[in-house]
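Reader: I should be grateful for a close look at a single part, namely the interface between the two chains. Please state the cut-offs behind each term as it arises.

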There are 2 protein chains.
Amino acid sequence: MTDASPIRAAVLVIGDEILSGRTKDRNTGFIADTLTDIGIDLEEVRIVSDRMEAIVEAVRALSSRYDYVLTTGGIGPTHDDITADAVAAAFGVPLVFDDRATAILKAHYDRRGVEMNDARRRMTRIPEGADLIPNPVSAAPGFVIGNVFVMAGVQAIMQAMMDDVVRRLPAARPLLSETIEAGRGEGDVAAALTRVQEAFPAVRMGSYPYHDGTRFTTRLVLRSRDGAMLATAAGALRAALAEI
Amino acid sequence: MTDASPIRAAVLVIGDEILSGRTKDRNTGFIADTLTDIGIDLEEVRIVSDRMEAIVEAVRALSSRYDYVLTTGGIGPTHDDITADAVAAAFGVPLVFDDRATAILKAHYDRRGVEMNDARRRMTRIPEGADLIPNPVSAAPGFVIGNVFVMAGVQAIMQAMMDDVVRRLPAARPLLSETIEAGRGEGDVAAALTRVQEAFPAVRMGSYPYHDGTRFTTRLVLRSRDGAMLATAAGALRAALAEI
């Protein structure tokens, strides 16, 4: 049984507030968990500022290199929200006032008696040819163009949008993992781990040292899409650790 | 008074465990806060996996583009810790068993009656010509070569290493910020914000929507290295908001 060809993804986080430290990025962790659950490999994350060239360059680099790119941030109504502009530029298509997005926002604001002003209308600007990603929280949609999924940065909205994104992504064979608490420092387990890794090159083995409150210990994680091989490798690693 | 030329930095986080979601990256937020405190602009973050080519490419791209690069992760004793190898390759220098690192680790392990095995010796491998970054937590040092600072991924160790890194970075004029709670949704404040931004192009203004538990509201943040101009711009923005 061999590993199926992996589906590779990247995340692009857009926003000065993350880079200044003012806002702590929790979206990447959520997306990483979600992609792992459905068996897609997150291979790279970039965080860039709200500058046009920075976003365009990152979108181009990541969308040409990975199967899917998921972006968060920069699709609100203010002048520093330029993600839609940048993604349109990266794909070489015009940014247009989208009829579907306008209808959604108009209905949303009408229900609330809120005025559709220029700032809110800004959120109906969508790259030509893109599909909308519904926003069940505050209506203003995300969108998908080519292999790039564009989501909001506000955590609750991003998470709601991910429900739709996941439905659009292909079902992959999930990556299985097995965790072994080594109960020892990394330096004590490294030789055994290397030996078992060499015996099972198709199982990816990682070593994660942490402080358990009392001492440094190590969590060993084995990952594979092949459950039988994973179990065999984990057994071999447990046996090797018992011999230390 | 004009803005001093900014000092630009990037962060490179190395580790499969972050990309899988198993470990949540808290190091970037800490480094972002620290750099902001000392007036250095964090302009880009990348998270890459424990693969040689990925790390080498990211180190080269970021170190040629930014004044400083700070990396975290991948300098432990196990086979998947290849950051030192990759940074040496990126700079085209050999990776050598470093006498200073060996002395530090030997003294540390001798005091604890711990054996200096091959895995621990691995942590004395340092790119030729690099300076060491002390590790007051668990001894195994980080290092700095060229404009790249290489730190551990374990949070407590990284934070301790940052004390030394900060001392090596140039003192910059700190970026000042002023935060205004708009008390309204982004769509209501965008026009006023755009107008004031246009009047003060040198003050960077960001708009950060969030849910305060009851409703969506907006935090407006103004940033500048010029305190007087920042205060004037904040006053203008407050006045513009009062007129909505």
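Author: The account below takes up the interface, its polar pairs and its symmetry in turn.

This is a predicted model, in which local features need pLDDT of at least 70 and side-chain atom pairs count only at pLDDT 80 or more, while totals for chains, interfaces and linings use all residues. Residues are numbered from 1 along each chain as its sequence is written, chains are lettered from A and ligands numbered from 1 in the order in which they are written, and side-chain values use heavy atoms, with hydrogens and water left out.

Chain B brings 55 residues to the contact and chain A brings 56 residues, where contact means heavy atoms within 4.5 Å. About 4,600 Å² is buried between chain B and chain A, and carbon and sulfur atoms give 51% of that area. Buried area here is the accessible area (1.4 Å probe) that two parts lose on being put together, summed over both. Within chain B, the residues that lose the most area to chain A are B:Leu19, B:Arg22 and B:His79, which together make up 13% of what that side buries.

Between chain B and chain A there are 10 salt bridges, each a side-chain nitrogen of Lys or Arg within 4 Å of a carboxyl oxygen of Asp or Glu. One of them joins B:Arg120 to A:Asp188, with the closest N and O atoms 2.8 Å apart. By class, the side of chain B that touches chain A comprises 19 nonpolar, 17 polar and 19 charged residues; Ala, Val, Leu, Ile, Met, Phe, Trp, Tyr, Cys and Pro count as nonpolar, Asp, Glu, Lys and Arg as charged, and the others, Gly among them, as polar.

The chains also meet through strands (DSSP runs of E, at least two residues, numbered from the N terminus). Strand β2 (residues 40-48) of chain A and strand β2 (residues 40-48) of chain B run antiparallel and are joined by five bridges; two strands pair if DSSP finds at least two bridges between them. In this pairing, A:Arg46 has B:Arg46 in β2(B) as its bridge partner.

Chain B is superposed on chain A by a rotation of 180° with 0.0 Å of shift along its axis (RMSD 0.0 Å), using least squares on the C-alpha atoms of residues with pLDDT of at least 70 in both copies. That is the relation of a two-fold axis. Among the residues of chain B, B:Arg46 comes closest to the rotation axis, at 2.2 Å (C-alpha). The same surface serves both copies, as 100% of the contact residues of chain B recur in chain A.

Notes: Helix = DSSP H or I, 4+ residues; strand = E, 2+ residues; numbered from the N terminus.
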